[in-house]
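Thanks for coming. I will go through one structure today, starting in the sheet and ending with some aromatic side chains.

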Amino acid sequence: MPFKKLHPTIQEKLENLEITSPTAIQKKGIPVIKSGANVYCTAPKDGGKTTTLILTTLQKLKFEPVGTAPRTIVLVENKEKALEMYDAFVKYTRYTDLRVYVGYEQLHIDTQRSEIFEGVDVLISTPITLNKLFLLNGVNTSQLKMLSIDDAAFLSQKKSYTALMSISQSIEKCQFVLYSEKIDPTLKKFESYFMQYAKKVSI
């Protein structure tokens, strides 16, 4: 069972949240994502994809705040999704030293830039906002280990797609994990760019 192989703090948080057994996507996906490969993770709505994203992100960080540069980035569609993701992370990171930051288009870019420079472990953002930060040298990617995208179907929108392509070209090396209900042609295209040799976990 994948939960037994997760960091002890994660197991404790799961117990507190009364989550005792993994969903199908968690059972299949967590070991593959932990291996460090690029992964397409597909499952039906409410199949546990977002929790898989959070658990594997926290596993990667081992609940240790390190330095000031973000070590994991989570991309979502818009402000509403960004705030939802932040709230979901806080359920697991409350009373720990991990630093989770959320940014979106409506928050002034200079404010985000200065706050991120103070030190972040998990950066939650939209592709458009993150790309603006990259263009302003507002995010140091030298320590980046993982970039995850939640409900990635929104990347069929031209602005988000273009922003992600620009972001991927600015990152030297990290693990990419895409979560969606299915792999549509837009997502499949990424295999030619930053999702090389990606493994597929599907429910």
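Look at S148 to begin with: its bridge partner in strand 6 is V177. This is a predicted model, so please keep that in mind throughout. The two strands involved are strand 5, residues 146-149, and strand 6, residues 175-180, and they pair in the parallel sense over 4 bridges.

Now the whole sheet. It is open, it has 7 strands, and their order is 3-4-2-5-6-1-7, with parallel pairing. At the edges stand strand 3 (100-102) and strand 7 (199-202); each has a single partner strand, so one side of each is left without a neighbour in the sheet. On average, neighbouring strands are turned by 15° against each other, direction ignored. Helix 4, residues 79-93, packs on this sheet and touches strand 2 (72-75), strand 3 and strand 4 (122-125). The direction of helix 4 makes about 170° with that of strand 3.

Next, helix 7, residues 158-170. Its 13 residues reach 19 Å from the first C-alpha to the last, close to the 18 Å expected at 1.5 Å a residue. Which residues of helix 7 are buried? They are S160, Y161, A163, L164, M165, I167 and S168. As a reminder, an α-helix has 3.6 residues a turn, so residues three or four places apart point the same way. What do the buried residues of helix 7 pack against? The answer is strand 2, helix 6 (127-135), strand 5 and helix 8 (185-189).

One of those buried residues, Y161, leads to the aromatic side chains. The count comes to 3 aromatic pairs. Y161 and F190 form a stacked one, at 5.5 Å centre to centre with 20° between the planes. Y161 lies in helix 7 and F190 in the loop between helix 8 and strand 7, so the pair ties together parts that are 29 residues apart in sequence. Buried means under 20% relative accessible area. Y161 is therefore buried at 18%, and F190 is buried at 0%.

A tilted pair is formed by F176 and F194, with 4.6 Å centre to centre and 40° between the planes. Here F176 belongs to strand 6 and F194 to the loop between helix 8 and strand 7, so this pair ties together parts 18 residues apart in sequence. Both F176 and F194 are buried.

To finish, the four rings belong together: Y161, F176, F190 and F194 form one aromatic cluster.

Technical notes: Residues are numbered from 1 along each chain as its sequence is written. This is a predicted model: local features need pLDDT of at least 70, side-chain atom pairs count only at pLDDT 80 or more; totals for chains, interfaces and linings use all residues. Side-chain values use heavy atoms; hydrogens and water are left out. Two strands pair if DSSP finds at least two bridges between them. Axes are lines fitted to C-alpha atoms, for helices over the stretch in contact, and angles run from 0 to 180 degrees between N-to-C directions. Contact means heavy atoms within 4.5 Å. The expected span of a helix is 1.5 Å times one less than its number of residues. Buried means under 20% relative accessible area, exposed over 50%, partly exposed in between (1.4 Å probe, protein chains only). Rings of Phe, Tyr and Trp (its six-membered ring) pair if their centres lie within 6.5 Å; planes under 30 degrees apart count as stacked, over 60 as edge-to-face and the rest as tilted.
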